[in-house]
Amino acid sequence: MTPGGAQEEHADATEILVPLVTEATVRIHGVEAGNPFLGSGFFVAPNWVLTCAHVVLAEGEGPVEAAARRVSVGYGEKLLKGVVEWAEPTTRAAGGSWPAPDLALIRLLDPVDHPCVWLTERTAKAYAANQVVYLSWV
């Protein structure tokens, strides 16, 4: 109850997060001719994109120095230059699967204004619903 006896409404996390994540989702492309589409990611801080290691590290190669990997990041109509600053693991496991954490961080070399889906240390218990939403570039 709020002062005056009114019921306080709790916002549904998906009503807030889904539009934000949708606006912060980007396309990850290679830098070679034609800029082939590699996968999706999303802005987690100003000019930083979180994606999967398997998206930015070429298949079939041995361990890769992540910081040497250049990529293009598609945001709206723009194709921005970026560099993979960190990826873990640097190669897929024997048997074909990429082991956890399968994450990579890309730093934009072409800064741009954009929304961010800030990461947090809060546990899932901080949220009222146990819903999962999958978003990617379509």
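Two strands count as paired here if DSSP finds at least two bridges between them. Keep that in mind as you click around, and remember that this is a predicted model.

**Stop one: the first strand pair.** Select residues 25-29, which make up strand β1, and then residues 37-45, strand β2. The two run antiparallel, and five bridges join them. To see one of the contacts that make up this pairing, pick T25: its bridge partner in β2 is F42.

**Stop two: across to β3.** Stay on F42 and look toward the next strand, where its bridge partner is L50 of β3. So what holds β2 and β3 together as a pair? Colour residues 48-51 to bring up β3: three bridges link it to β2, again in the antiparallel sense. Now zoom in on the hairpin these strands form, with two residues between them. Select N47 there and check its backbone, as phi is positive, near 65°.

**Stop three: the core.** Next, show the largest nonpolar core, a set of 22 residues. Which of its members touch the most others? Put I28, F43, V56, V73 and I106 in sticks, since those are the ones. For the wider view, colour the elements that give two or more residues to this core: helices α1 (13-24) and α2 (53-56), together with strands β1, β4 (70-75), β5 (78-88) and β6 (103-108). As background, nonpolar side chains in soluble globular proteins tend to be buried together.

Now centre on V56 and list its neighbours. Leaving out residues up to four places away in sequence, V56 touches I28, T51, R69, V71, V84, A104 and I106. Two of those names, I28 and I106, were also in the stick selection a moment ago.

**Stop four: a charged pair.** How many salt bridges should you look for? The count comes to one. Select E85 and R107, whose side chains meet at 2.7 Å, N to O. E85 sits in strand β5 and R107 in strand β6, so this pair ties together parts that are 22 residues apart in sequence. Switch on a surface and look at both ends: E85 is partly exposed, at 30% relative accessibility, and R107 is partly exposed too, at 32%.

**Last stop: the cysteines.** How many disulfides does a search of the whole structure find? Zero. Two cysteines to click on are C52 and C116: C52 is partly exposed, with a relative accessible area of 26%, whereas C116 is buried, at 12%. The cut-off behind those words is 20%, and buried means under it.

Notes. Residues are numbered from 1 along each chain as its sequence is written. This is a predicted model: local features need pLDDT of at least 70, side-chain atom pairs count only at pLDDT 80 or more; totals for chains, interfaces and linings use all residues. Side-chain values use heavy atoms; hydrogens and water are left out. Helices (H or I, at least four residues) and strands (E, at least two) are DSSP runs, numbered from the N terminus. A nonpolar core is a set of buried Ala, Val, Leu, Ile, Met, Phe, Trp, Tyr and Cys residues joined through side-chain atoms within 4.5 Å. Buried means under 20% relative accessible area, exposed over 50%, partly exposed in between (1.4 Å probe, protein chains only). Contact means heavy atoms within 4.5 Å. A salt bridge is a side-chain nitrogen of Lys or Arg within 4 Å of a carboxyl oxygen of Asp or Glu. A disulfide is a pair of cysteine sulfur atoms within 2.5 Å.
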